[in-house]
Amino acid sequence: MPCRANILITELFDTELIGEGALPSYEHAHRHLVQENCEAVPHRATVYAQLVESKKMWSWNKLFPIRVQTKRGEQIIVPPSELERCPGAPSVCDIQLNQVSPTDFTVLSHVLPMFSVDFSKQVSSSAACHSRQFDPVASGQAQVVLSWWDIEMDPEGKIKCTMAPFWAHTDPLELQWRDHWMQCVYFLPQEEPVTQGSAVCLVAHHDDYCVWYSLQRTSPEENGRVHALRPVCDCQAHLLWNRPRFGEINDQERTDQYVQALRTVLKPDSVCLCVSDGSLLCMMVHHLGAEQVFTIESSAASHRLMKKIFKANHLEDKINVVEKRPELLTSADLEGKKVSVLLGEPFFTTSLLPWHNLYFWYVRTAVDQHLGPGVVVMPQAASLHAVVVEFRDLWRVRSPCGDCEGFDVHIMDDMIQHALDFRENKEAEPHPLWEYPCRSLSEPQQILTFDFQQPVPPQLLHAEGSIKLRRPGRSHGAVLWMEYHLTPDSTVSTGLLKPADDKEDCCWNPHCKQAVYFFSTMVDPRVSLGSPQTVSYVVEFHPRTGDVTMDFTLSDALGNEH
């Protein structure tokens with residue numbers, strides 16, 4: 001640059017504001033690239049926080065006691081003390097906070113402005129803390145901090161962009177949907193009781209890339225206590241289980257469903273082999289009276305975690321952990337016994353799309369020689385389902401921009417479309433749909449079935465057919481999910497939790513991501529589709545790779561395809 005600039009224009013923000021390196025980038029720019037009295041666009045950012053109590057959100061961070069009803073009475077699986085003391089994963093939990101029901105949390109504070117950054121002045125990336133003393137508006141257990149930010153584009157603050165959720169928005173009717181900048185959920189290191197009217201201090205800490213919060217009885221400036229170090233997981237559970245997985249394990253209704261199914265298949269002389277990553281199924285099986293229980297944990301970290309949980313529940317000598325890949329299992333690992341009950345949730349940490357947990361089927365195939373005659377496999381089968389939906393907002397992630405604020409960005413639209421046409425238009429992508437409301441335009445339809453009673457077949461599984469659209473609306477895509485049939489009378493869904501309704505939004509399993517296949521003809525709102533009546537599909541499961549390939553095509557009443 002021949003001279004220093006007098007205007008600094010940037011977009012360096014993420015949901016946490018500073019997570020993409022905004023502070024060191026601005027710091028460098030002010031030192032080396034811009035004049036002392038430059039103007040920055042945006043001009044200023046402010047971070048806000050609100051303290052809440054929420055059993056739902058707290059269940060994403062802590063392991064709750066798990067209750068197992070047995071013939072001998074209620075047995076309780078308790079978390080190790082290490083898990084209870086652990087502050088949790090250091091990464092921010094970013095979600096669409098507008099989709100969390102106000103009934104799922106109790107507000108303990110007003111919205112508090114925690115700190116601001118003036119981008120037109122010298123910015124520091126050094127660690128800092130900012131405290132706000134406040135009187136709680138209600139008594140309760142302080143567990144979670146909800147946080148978001150806004151930016152003022154000009155020095156006068158007339159042009160403002162805010163990430164505030166609907167209850168904190170100055171005009172909820174003007175609420176803008178975003179998927180890059182959302183809201184943050186931060187978990188306090190430990191829950192702490194607060195009393196209405198008794199002042200406490202909420203402290204926002206940050207380094208150059210991360211923000212975290214703590215609650216103190218007095219200001220850090222008064223007592224000299226400043227938590228300079230970012231809390232990190234030291235129990236290993238938060239490294240192995242993500243937040244939806246914590247929620248899934250803590251779901252007592254889900255646990256009860258597995259326990260009821262297990263009661264129907266277990267016998268006093270059952271030899272059980274459990275196959276799922278970091279699963280508590282093996283402990284349930286022991287409490288329900290199985291003679292011997294083995295569980296496969298492929299990683300050393302998972303092995304160590306399960307050992308801690310077993311020890312906390314005095315089961316370290318009751319459950320045998322095998323640390324090896326399933327295909328390497330030997331008869332000696334099973335003490336020469338044949339497996340009479342093979343179990344899985346199934347859940348594997350490497351799974352991204354719903355059908356990736358079909359890895360259980362491959363494990364069942366790999367251990368076939370160790371299964372006894374008449375072996376019971378639970379789940380006994382799985383099925384792939386689909387429904388056509390109209391999204392309230394998620395369709396925007398595939399919609400072209402066209403003209404934006406007077407700028408023609410069709411060149412970028414075309415470039416993205418060419419990239420999508422290369423492969424992604426024929427692929428599904430994972431989304432946690434409880435965060436993205438949609439309406440069903442068809443009835444759910446079973447596409448493929450997988451029989452876990454038998455090994456994986458060598459031949460391709462093929463399904464083709466059509467889905468009839470029964471409700472008016474814009475067909476944005478198909479949602480796919482798996483259902484696991486534990487027994488003939490018990491099914492666990494990773495997708496829809498109740499039948500689709502004409503008026504209400506779909507109700508999705510909040511612990512799992514569903515697969516979304518966007519219809520390419522729905523991407524561009526300039527395309528007129530008439531009145532499509534059916535969606536034709538071809539779906540194939542490839543046993544050699546475990547991949548599921550698919551193609552969905554919209555057809556109108558005259559049979560024309562789009």
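**A walk through the predicted model**

Val-271 lies in strand E15, which covers residues 271-275. This is a predicted model, and Val-271 makes a handy place to start. Is Val-271 buried or exposed? Its relative accessibility is 7%. Buried means under 20%, so Val-271 counts as buried.

What surrounds this residue? Setting aside neighbours within four places in sequence, Val-271 is in contact with Glu-291, Gln-292 and Phe-294. Its contacts also include the run Lys-337, Lys-338, Val-339, Ser-340 and Val-341. Leu-342 is 71 residues away from Val-271 in sequence. In space, the two C-alpha atoms are 8.6 Å apart.

One of those contacts, Val-339, leads to a nonpolar core. This core has 51 residues, and Val-377, Leu-384 and Leu-554 are also among them. It is the second core, separate from the largest one.

The largest nonpolar core holds 60 residues. Which of them touch the most other members? They are Phe-13, Met-57, Leu-146, Val-185, Leu-202, Tyr-213 and Leu-215. Strand E10, residues 140-152, gives this core its largest share, with seven residues.

Take Leu-202 from that list. Beyond four places in sequence, Leu-202 is in contact with residues including Ala-49, Leu-112, Met-114 and Val-145. It also contacts His-130, Ser-131, Arg-132 and Phe-134. Tyr-213, Ser-214 and Leu-215 are further contacts of Leu-202.

Now for a sheet. Three strands form an open sheet in the order E9-E13-E14, with antiparallel pairing. Why do two strands have a side without a neighbour in the sheet? E9 (128-134) and E14 (211-216) stand at the edges and have a single partner strand each, so one side of each is left free of a sheet neighbour. On average, neighbouring strands here are turned by 20° against each other, direction ignored. E13 covers residues 200-206, and six bridges join it to E14. Across this pairing, His-205 stands opposite Trp-212 in E14.

Next comes a helix. In H10, residues 359-366, the residues Phe-360, Trp-361, Val-363 and Arg-364 are buried. They cover an arc of only 160° around the axis, so they sit on the same side of H10. An α-helix has 3.6 residues a turn, so residues three or four places apart point the same way.

How far can the model be trusted? The average pLDDT is 93, and 95% of the residues score at least 70. Residues 523-529 stay under 50. The model has 17 contacts beyond four places in sequence for this stretch. Where pLDDT is low, the predicted coordinates should not be read in detail.

How values were computed. Residues are numbered from 1 along each chain as its sequence is written. This is a predicted model: local features need pLDDT of at least 70, side-chain atom pairs count only at pLDDT 80 or more; totals for chains, interfaces and linings use all residues. Side-chain values use heavy atoms; hydrogens and water are left out. pLDDT is the predictor's confidence in each residue, from 0 to 100. Contact means heavy atoms within 4.5 Å. A nonpolar core is a set of buried Ala, Val, Leu, Ile, Met, Phe, Trp, Tyr and Cys residues joined through side-chain atoms within 4.5 Å. Buried means under 20% relative accessible area, exposed over 50%, partly exposed in between (1.4 Å probe, protein chains only). Helices (H or I, at least four residues) and strands (E, at least two) are DSSP runs, numbered from the N terminus. The arc is that of the directions from the helix axis to the C-beta atoms. Two strands pair if DSSP finds at least two bridges between them. Axes are lines fitted to C-alpha atoms, for helices over the stretch in contact, and angles run from 0 to 180 degrees between N-to-C directions.
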